[in-house]
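Here are my notes for you to read next to the coordinates. Have the viewer open, and go through the points in order.

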Amino acid sequence: MNSFWWGCERERARGIRWKSWERLCVPKQHGGMGFRKIREFNIALLALINPIEPRWNDTLLNSLFNHEDLISIKSIPLPDSKMPDSIKSIPLPDSKMPDKMIWMALPDSKMPDKMIWMEDMKGVYTVKSCYKSLMGNYQSTQVPFWTKAWKFMLPPKIKAFFWQLCSNSLPTHDRLRTRNIQVPNVCQLCNTEEEFSFHLFVCCPLARDCWNILGGINYHTSTSTLDWLEQIFTSKSDDDICALISVCWKIWNARNEKIWNHNILPASFICHYAKNYLFEWSTVTTITDRSLDHAHWIRPPS
Ligand SMILES: [Zn+2]
């Protein structure tokens, strides 16, 4: 999976895995890509609940618990909704069930004790809560930068690019040299300074031309790409930030276009293309969402 994400599985491709699969599986609000860890998700999905319908998996429970515990476990409520057909054919995992069920005493109450699922506020077992539990509890410590970044209305491929930019996993020349790949020292856009992320997107004359065209972008006081972006995040509107991220994406395209095809894209073209691309994507997305909400058949004229 990790190889596929980084393009290492294509024919004759020699892609680099810039981040581990563990890092990609970290929730988005904590700097990862939020990919599912298959093993943990499989445990959460199938360890206890029958995959065909929402009831306890008797076969597995019978093999793990004595009769008394079985009665208690089966008293835990399950959601009513049916599981999707796509998961019915997934084989049972051979790992042990998550140890998250405990006896909970109800002091000074006439109600009898009962088993509940501790990872859910209502005590109901859900795959989502079990998966989160297996992944570790990230919920209380969300990173504001990432939480905000993933909420922007941006095309998925620009979001993926932005994640690479912020997690220092774009294959800039300084990063390629850390993997012993022989590349030129200088930035291919200006031929004056070393190419690294902060130079390419903030200090390079082409980038500064773009920010001057976009207007109101401060690039004088930051010391790193993340520092610059965090300043932008706190001082600009969401629309301005989306435009800036799109221009960053197009600067990266312009850099690749120069290296691989020797074409030079001017700042005015980069800004116009990026903003127009974002506008067209937003228009199509909005129209699609609206038409899905209110779509109804109209009889054609006879
Ligand atoms: Zn440069």
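The points below cover the zinc site, the aromatic contacts and the cavity.

1. A reminder before anything else: this is a predicted model, so please read every number below as computed from that model.

2. Start with the metal. The zinc ion has Cys187 (SG), Cys190 (SG), His199 (NE2) and Cys204 (SG) as its protein donors, at 2.1 to 2.4 Å. Along the sequence, the spacing of these donor residues reads C-x2-C-x8-H-x4-C. As for the surroundings, His199 and Cys204 are both buried.

3. Is the zinc geometry tetrahedral or irregular? The angles between the four donor atoms run from 101 to 117°, and four donors pass as tetrahedral if all angles lie between 85 and 135 degrees, so the site is tetrahedral. For reference, the ideal angle for four tetrahedral donors is 109.5 degrees.

4. On to the rings: the model has 13 aromatic pairs. One of them is Phe161 with Phe201, an edge-to-face pair with 6.0 Å between centres and 65° between planes. This pair ties together distant parts of the chain, since Phe161 belongs to helix α8 (residues 156-166) and Phe201 to helix α10 (residues 197-203), 40 residues apart. Both Phe161 and Phe201 are buried.

5. Compare that with Tyr273 and Tyr277, a stacked pair at 6.2 Å centre to centre and 10° between the planes. Here both residues sit in helix α14 (residues 267-294), four residues apart, or about one turn of the helix. Tyr273 has a relative accessible area of 32%, so it is partly exposed. Tyr277 comes out at 24% and is therefore partly exposed as well.

6. Two rings have a charged side chain over the face. Lys250 sits over Tyr273, 3.8 Å from the ring centre, so have a look at that spot while you are at the stacked pair. Arg36 does likewise over Tyr131, at 5.1 Å from the ring centre.

7. There is also an aromatic cluster worth displaying, made up of Phe145, Trp146, Phe152, Phe162 and Phe233.

8. Last, the empty space. How many cavities of 30 Å³ or more does the structure hold? Just one, and the volume of the largest cavity is about 40 Å³. Its lining consists of Trp146, Ala149, Trp150, Leu154, Lys159, Phe162 and Trp163. Helices α7 (144-149) and α8 are the elements that supply two or more lining residues, with α8 giving the most, three residues. Note that Trp146 and Phe162 appear in this lining and also in the aromatic cluster.

Conventions:
Residues are numbered from 1 along each chain as its sequence is written. This is a predicted model: local features need pLDDT of at least 70, side-chain atom pairs count only at pLDDT 80 or more; totals for chains, interfaces and linings use all residues. Side-chain values use heavy atoms; hydrogens and water are left out. Donors are N, O and S atoms within 2.8 Å of the metal (3.2 Å for Na, K and Ca); water is not among the atoms, so sites may look incomplete. Four donors count as tetrahedral if all angles lie between 85 and 135 degrees; four count as square planar and six as octahedral if opposite donors are over 155 degrees apart and all others between 65 and 115; anything else is irregular. Buried means under 20% relative accessible area, exposed over 50%, partly exposed in between (1.4 Å probe, protein chains only). Rings of Phe, Tyr and Trp (its six-membered ring) pair if their centres lie within 6.5 Å; planes under 30 degrees apart count as stacked, over 60 as edge-to-face and the rest as tilted. A charge sits over a ring if NZ of Lys or CZ of Arg is within 6 Å of the ring centre and within 35 degrees of the ring normal. On a 1 Å grid over the protein atoms alone, a cavity is a set of points where a 1.4 Å probe fits but cannot get out, and a pocket is an open set with protein on both sides within 12 Å along at least five of seven lines; lining residues have an atom within 4 Å of a point. Grid points are joined across faces, edges and corners, and a volume is the space filled by probe spheres set on the points.
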